[in-house]
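I am opening a notebook on a structure I have not looked at before. The entries below record what I looked up, in the order in which I did so.

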Amino acid sequence: MNWDIVEGNWKQFKGKVKSQWGNLTDDQLDVIGGKRVELAGKIQEAYGISKDEAETQIKEFEERNKDAKP
């Protein structure tokens, strides 16, 4: 998954992210803006998990959505 493409098409990808991490608010999604590092931080905050666990979840998300188009 190319995060430059995700960032450029964030509005289209927000739904996929919201379905994966439903605890993230619309405001948090706006702050993330398609940036992978921001996503990891907000997942940590929303779910009270470690950075490593957030990274693992993002990698799994990337694998499931590797062929996703905006």
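Before listing any neighbours I fixed the term: I count two residues as in contact when they have heavy atoms within 4.5 Å. I also keep in mind throughout that this is a predicted model.

**Entry 1: Lys42**

I began with Lys42, which I found in helix α4, residues 36-47. Which residues does Lys42 touch, not counting those up to four places away in sequence? I noted Leu24, Gln28, Val31 and Ile32 as its contacts on that count. I then asked whether Lys42 is buried or exposed. Its relative accessibility is 15%, and because buried means under 20%, I entered Lys42 as buried.

**Entry 2: Leu24 and the core**

From Lys42 I followed the contact back to Leu24, and, leaving aside neighbours within four places in sequence, I listed Val17, Lys18, Leu29, Ile32, Leu39, Lys42, Ile43 and Ala46 as the residues Leu24 is in contact with. Leu24 turned up again when I looked at the largest nonpolar core, which has 15 residues. The members that touch the most others are Trp10, Val17, Trp21, Leu24, Leu39, Ile43 and Ile58. Which elements give two or more residues to this core? I wrote down α1 (3-8), α2 (10-20), α3 (26-32), α4 and α5 (51-64). As background I added that in soluble globular proteins nonpolar side chains tend to be buried together.

**Entry 3: Helix α5**

I turned next to α5, which has 14 residues and reaches 20 Å from its first C-alpha to its last, close to the 20 Å expected at 1.5 Å a residue. Its buried residues are Ala54, Glu55, Gln57, Ile58, Phe61 and Glu62. Looking down the axis of α5, I see that these buried residues fall within an arc of 160°, so they line one face of the helix. A general point helps here: an α-helix has 3.6 residues a turn, so residues three or four places apart point the same way. The buried residues of α5 pack against α1, α2 and α4, while the face turned away from the buried side carries the exposed residues Asp52, Lys59 and Arg64.

**Entry 4: Glu55 and Arg36**

Among the buried residues of α5 I picked out Glu55, which touches Arg36 and Ala40 when residues up to four places away in sequence are not counted. With which residue does Glu55 form a salt bridge? I found Arg36 as the partner, the closest N and O atoms being 2.5 Å apart. This pair links distant parts of the chain, with Arg36 in helix α4 and Glu55 in helix α5, 19 residues apart. Arg36 has a relative accessibility of 21%, so I entered it as partly exposed. I also noted that Arg36, Glu55 and Glu62 are linked in a network of salt bridges.

**Entry 5: Other salt bridges**

How many salt bridges does a search of the whole structure find? The search gives six, and I looked up two more of them. The side chains of Lys14 and Asp30 meet in a salt bridge at 3.0 Å, N to O. Lys14 lies in helix α2 and Asp30 in helix α3, so this pair ties together parts that are 16 residues apart in sequence. Lys35 forms a salt bridge with Glu7, the closest N and O atoms being 3.7 Å apart. Here Lys35 sits in the loop between α3 and α4 and Glu7 in helix α1, 28 residues apart. I entered Lys35 as partly exposed at 38% relative accessibility, and Glu7 as partly exposed at 35%.

Terms used: Residues numbered from 1 in each chain as written. Predicted model: local features only at pLDDT ≥ 70, side-chain atom pairs only at ≥ 80, totals over all residues. Heavy atoms only, no water. Helix = DSSP H or I, 4+ residues; strand = E, 2+ residues; numbered from the N terminus. Buried < 20%, exposed > 50% of the residue type's maximum accessible area, 1.4 Å probe, protein only. Core = buried A, V, L, I, M, F, W, Y, C linked by side-chain atoms within 4.5 Å. Expected span 1.5 Å × (residues − 1). Arc of directions from axis to C-beta. Salt bridge = Lys/Arg side-chain N within 4 Å of Asp/Glu carboxyl O.
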